[in-house]
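Here are my notes on the model you sent over, written as numbered points so you can follow along on screen. Have the structure open while you read.

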There are 4 protein chains.
Amino acid sequence: MTLRIGFLGYRFMGRAHANALARLPMFFPDTPETERRILIGRDEAALDDAADRLGFTETATGWRDAIDDVDVFYNLAPNFLHAEPAIEALDAGVHVLCEKPLADSLDDAERMATAARESDATAAVAFNYRFLPAVARAKRLVEAGKLGEIRAFRGRYLQDWLVDPTAPWSWRLDADLAGSGALGDLGAHTLDLARYFVGDVTRVSGHTRTFVDERPDPEGDGTQSVTVDDATTAQLAFENGATGTVEVSRVAPGRKNDHRIELDGTEGALRWSLERPNELLVRWPDSRGFERELVTEADDPYADHWWPPGHVLGWEHAVVHENYEFLRAIAADDPYDPDFEAGLAVQRLLDAVQRAAADGGWVEP
Amino acid sequence: MTLRIGFLGYRFMGRAHANALARLPMFFPDTPETERRILIGRDEAALDDAADRLGFTETATGWRDAIDDVDVFYNLAPNFLHAEPAIEALDAGVHVLCEKPLADSLDDAERMATAARESDATAAVAFNYRFLPAVARAKRLVEAGKLGEIRAFRGRYLQDWLVDPTAPWSWRLDADLAGSGALGDLGAHTLDLARYFVGDVTRVSGHTRTFVDERPDPEGDGTQSVTVDDATTAQLAFENGATGTVEVSRVAPGRKNDHRIELDGTEGALRWSLERPNELLVRWPDSRGFERELVTEADDPYADHWWPPGHVLGWEHAVVHENYEFLRAIAADDPYDPDFEAGLAVQRLLDAVQRAAADGGWVEP
Amino acid sequence: MTLRIGFLGYRFMGRAHANALARLPMFFPDTPETERRILIGRDEAALDDAADRLGFTETATGWRDAIDDVDVFYNLAPNFLHAEPAIEALDAGVHVLCEKPLADSLDDAERMATAARESDATAAVAFNYRFLPAVARAKRLVEAGKLGEIRAFRGRYLQDWLVDPTAPWSWRLDADLAGSGALGDLGAHTLDLARYFVGDVTRVSGHTRTFVDERPDPEGDGTQSVTVDDATTAQLAFENGATGTVEVSRVAPGRKNDHRIELDGTEGALRWSLERPNELLVRWPDSRGFERELVTEADDPYADHWWPPGHVLGWEHAVVHENYEFLRAIAADDPYDPDFEAGLAVQRLLDAVQRAAADGGWVEP
Amino acid sequence: MTLRIGFLGYRFMGRAHANALARLPMFFPDTPETERRILIGRDEAALDDAADRLGFTETATGWRDAIDDVDVFYNLAPNFLHAEPAIEALDAGVHVLCEKPLADSLDDAERMATAARESDATAAVAFNYRFLPAVARAKRLVEAGKLGEIRAFRGRYLQDWLVDPTAPWSWRLDADLAGSGALGDLGAHTLDLARYFVGDVTRVSGHTRTFVDERPDPEGDGTQSVTVDDATTAQLAFENGATGTVEVSRVAPGRKNDHRIELDGTEGALRWSLERPNELLVRWPDSRGFERELVTEADDPYADHWWPPGHVLGWEHAVVHENYEFLRAIAADDPYDPDFEAGLAVQRLLDAVQRAAADGGWVEP
């Protein structure tokens, strides 16, 4: 059986997932076969170009009809377009991988999760960083108890592409289209890893700031309003008693893609940063400082599919591994994690941080 | 004129300040002359030993009488002993340097600040990290506008000496004696640097945790209760609009003395850590990443008093420089910063974080 | 025109180049089209498997006949099999990309270079690290004079897979089959970068050591002799007056793939390591320390073909870029660098280091 | 008994040793008592100033007479003034600590070592870096077999104060006054650590370069010739079979005092740099990468004399510890290491590297 695949969206994420699908046969030969069938978008000329480049055999300008012709639907569209197509696909029994955050609002996320529960299809949310070897190894170490009980989570995700006040407006800067700014765009990843490593969050506080209120209209002479956060900080209280801090920013000079996760436990500690994705810093029990591990050994997650030890992987490999797990789960009819429940749980946290920031107190997600 | 100096306390901080006084004549010859006159403590045998070693000519077991015999009084006692001796000294016209945090409660801190305002004597609080060359250079860069306007402050101070649940109880673990735990002990430094670099804080949120509730009594077979925080996180809102995050912990495995400060501005950014105190990471305007500077050049703060470039200083030099500035201010009758107002401002923040943690909302300091 | 491609070899390097060819259409659409036509090897069963996985349409157990059926021949075989197939291919007008080192002896390398000179076909040697964005950017900076005149080159390439004395014997450990050990395997890369960045070398000294003389036979109960170096150090004198040091080792605990290049100039300096391939450390003129650059900006070499800034590449991308440049040179009939002359120049240096190590003096390459 | 001490020299090293002596009573109370008795120099006005500042009670403009009045003689003069005063002092039974390198020539070093052998006095050479806690801990680990047998030593010492071609001439740039340049000034330390960690060296090769041939006369309008090396590289063959590489430079942009030592063994590895003197990177047996240790724990060498864990020391503490060991050895009539034999052994290596560089081959030290 060959899985027929449709993508809604063909920019950054479209390229990332198309690349992933194209690489699986060579490096993960036990992945089910796939066919890049339909690429969906609005601009026909751009769409044809992209389909050609990304290896799709057909294009479509409406997602509704296209859904009927595929087995798997990748929703890579802007956040405000996540809910309807994903729900319709799931209702039609089509498997869905949806980019993060799951939705632009908690309401939509709940509707999506309901649809997923009621469907036999697999519903995945693209928290791809779980699938980097270093992050997956970190999870193994935590589950093996190497850190003892987790007492503190520190997560932050800093970028600098909005430092320049003349950087143009885009849908990512509009609350109606994106839901939130740095919080949903970057913080969704960080909050997912918080839950992945430490567990449920019982309450959050939040602090949100927009430093540049309007930005040049990319298609005109004027400006458009920025209605989302440039930067957000939050505190988390976990059910297990651990503390958490999260900070996200798109106005942090010198940080290109600095997604850092730190865990403190009763026995040990971990540190990881996306700018050095192959490295894991481990403070083992009964030792002093952190050991720098290059997570490229044959017995590290996914590593034996690629190159000999020391030959590092890049950002995109997270997406390859994610696709591998997703497609394998579909073929085996296995549960997939992170699913829409995970996406919804993160959406609750995003929503809670926004409410907390608005109200000034701690709130429950 | 030789300044006669008295110390209340002769342990870690007593040694650090005695060392500082002993080193000033050789490296800062324009410091006023000092005489280590009276060392004050309770245990006479230990006191004699310490006085001999630290170069004091006399000892005393009561601070009240001793104050009359000195020109400068260093209050290096546990927090609950900060207020009375400091106030009496100031009332008597004796200059005071008080260890941090200023007091074990906001009430005491206010009384101390009042005493300082009403006294002609100099009243200093020992936020010594301001006087490390890298921190002082960071201040210069911020004031010169190299970072533009500050948008984000990140401060954290992590240690690991309480990870071991059998580490013994001490006064630092008792709310009545210390005021707070990691928050006051470590966070006082971090909050002072927050104010030093960014300015006034308008509101804070807080989250406080105690993971080990009782610890072995160091002088008996039983245990004593831990009534202070092992770890605290906080969010800050600054008057200038910047966000701030603070995290302190004494249960962070692998962190020996990891005091980190990060600043993001509209033009540049800075990073610094106490575990590498001579290094400043600067993201200059219009550049990409951070430049690692070794702050040992002849024109760096304090550096020309010591060794040629590249010959790094240690932790203790912060205390030497602090004493230099303090004594010079006394001799010149100049204002000294950080004074008791700075100490009080930090105490308001410590108090606010505790209130916020208890009440669950943001509070004003 | 579609270039028909044949590979001799299907292990690590076979997979790396097949991956590169498979990825070019999506990310470098101006690359000439290619067809993975014939995969050549000895073990038919393994060959069929590999051909299937790597996307080849045919297999062959002899390279001679296969050469006639392809336009481009990739020689990915062990070193002792580099010369004959490459020469025959070039004689037949078939383009050749040969893995490094160019040959197992200087004689063979010279014969290969002669064949390349006399052929109209393109002859490339696989010094792939030139094509990592950070290395290519380093070259730009050097050529733009940012470092001034180069005075010192430091290169080292350390791995640890032979630390374990029970690691099995392979052809890489036999002087007749490999030519040399760590020197040719790792040092070929380092010496190529020495020449790439600094220029011709006029004399070398060398020091070679084998610490483990025999290793388990992978196909039997006994052992086989190790007749190549485990580790080698060398000094270089460059024509421009710069000094150079090179160290290579396969017995360096904790170094997985630590290829480091450092350049000191009259105005600035550079550092780079393969374990963090996306980072370039630059000491700019009139600055203090090194700035850490993430070489993922849109105007960095190759970067705009991939992902947004901060989304790092991996080891394998060096091979993708190498294939892109190689195939583009073929299609445009442009010269390709590094060609067999570059391979020969490095072979002269490898040979000179071995002679110097044997004779105990400096020798000319 | 109070040891009467005389210093020849009062600049950088004079200040460093005077500081050390001044600090010992407080932090190393078991050190024998000392009196800074006579400061010796040529310029009377400068001498008086320095004596006042460094705590000497007398001054002298000739070293011969002064020797009779002291128990311990510190020779901190330029290299060409090392031999005569040290020999006369030893002949007179006066203990000597001589700055490194031991002499400006192998002949002088041999005469000095002979004098030391024939004297009952203690003769020390100031290889102070052995006494940094991290280096001393490294030695412990090596002796405890944590690295197994050492197979490779990498040492380099890079500074940048001569990058600027207008940096003025000084005695350090004259072969007659200094013996050699970067080699003796910096490399003496590195070669001492090579011997300290790995043992005797059986042969060396060398490569020496002077990039700036003349420099401004600091006391006139003209220039003076530079007759020593700006940079030197060397290879070492150790008696135990290990390889070694050494590189020293005073023209390495961005390196302020970058003295690095790396050791590879059969079981583990170590790395250390003087720019981060408190850190030791250890690759333990059966682990992956390097653990970063902060060498400030109570059971680390010298650490318990100072501050709690995590409160780092500076460069100068090496000199304090060195003085402690030296004076304690004198008082106890214990052997002191590194003594003049160690100084001579390094001088043989310096001489051998120079001969090798001149002759172009490997030479025996």
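1. Let's start with where chain A meets chain B. The contact draws on 31 residues of chain A and 30 residues of chain B. On chain A, the elements that supply two or more residues to this side are all strands by label: β7 (150-158), β8 (201-209), β11 (231-238), β12 (243-249) and β13 (258-265). What kinds of residues sit there, by class? The chain A side has 10 nonpolar, 14 polar and seven charged residues.

2. Before going on, remember that this is a predicted model. The predictor gives the complex an ipTM of 0.97 and a pTM of 0.97. For chain A, the mean pLDDT is 97, and 100% of the residues reach 70 or more. As a general habit, keep in mind that where pLDDT is low, the predicted coordinates should not be read in detail.

3. Now try laying chain A on chain B. A turn of 180 degrees with a shift of 0.0 Å along the axis does it, and the RMSD is 0.0 Å. The two copies are therefore related as by a two-fold rotation axis. Which residue of chain A comes closest to the rotation axis? That is A:Gly361, with its C-alpha at 1.9 Å. There is a nice match between the two sides as well: 97% of the interface residues of chain A are also interface residues in chain B, so the copies meet through the same surface.

4. Next, look at where chain B meets chain C. Here eight residues come from chain B and eight residues from chain C. The chain B side splits into two nonpolar, two polar and four charged residues. Chain B goes onto chain C by a turn of 180 degrees and a shift of 0.0 Å along the axis, with an RMSD of 0.0 Å. Within chain B, the C-alpha nearest that axis belongs to B:Glu291, 1.9 Å away. Since 100% of the interface residues of chain B are also interface residues in chain C, the copies meet through the same surface.

5. Go inside a single chain now. Chain A is divided into domain 1 (2-128) and domain 2 (129-313 + 337-359), so check the numbering of domain 2 of chain A, which is given as two stretches. Taken over C-alpha atoms, the centres of the two domains of chain A are 24 Å apart.

6. How do these two domains of chain A touch, and how many residues take part? Contact involves 23 residues of domain 1 and 26 residues of domain 2. On the domain 1 side, the elements giving two or more residues are α5 (106-118) and β6 (123-125) of chain A. Of these, α5(A) gives the most, with six residues. By class, the domain 1 side divides into 17 nonpolar, three polar and three charged residues.

7. Chain B has a sheet worth tracing strand by strand. Six strands make up an open, parallel sheet, in the order β3-β2-β1-β4-β5-β6 (chain B). At the edges stand β3 (58-60) and β6 (123-125) of chain B, each with a single partner strand, so one side of each has no neighbour in the sheet. The twist from one strand to the next averages 25 degrees. For one pairing in detail, take β4 (residues 72-75) and β5 (residues 95-98) of chain B, which run parallel and are joined by four bridges. Which residue in β5(B) is the bridge partner of B:Tyr74? It is B:Leu97.

8. Chain C has an open sheet to trace too. Six strands pair in parallel, in the order β3-β2-β1-β4-β5-β6 (chain C). The edge strands, pairing on one side only, are β3 (58-60) and β6 (123-125) of chain C. Ignoring direction, neighbouring strands of this sheet are turned by 20 degrees against each other on average.

9. Last, zoom in on two details of chain C. Strand β1 (residues 3-8) pairs with strand β4 (residues 72-75) of chain C in the parallel sense, over four bridges. In that region, C:Gly6 stands opposite C:Phe73 of β4(C). Then find helix α2 (residues 44-54) of chain C, which lies across β2 (34-40) and β3 of chain C. This helix, α2 of chain C, runs at about 165 degrees to β2(C).

Definitions and conventions: Residues numbered from 1 in each chain as written. Chains lettered and ligands numbered in written order. Predicted model: local features only at pLDDT ≥ 70, side-chain atom pairs only at ≥ 80, totals over all residues. Contact = placed C-beta atoms within 7 Å. Nonpolar A, V, L, I, M, F, W, Y, C, P; charged D, E, K, R; others polar. Least-squares fit on C-alpha atoms with pLDDT ≥ 70 in both. Domains from an automatic or database assignment. Pairing = 2+ DSSP bridges. Axes fitted to C-alpha atoms, helices over the stretch in contact; angles between N-to-C directions. pLDDT = per-residue confidence, 0-100.
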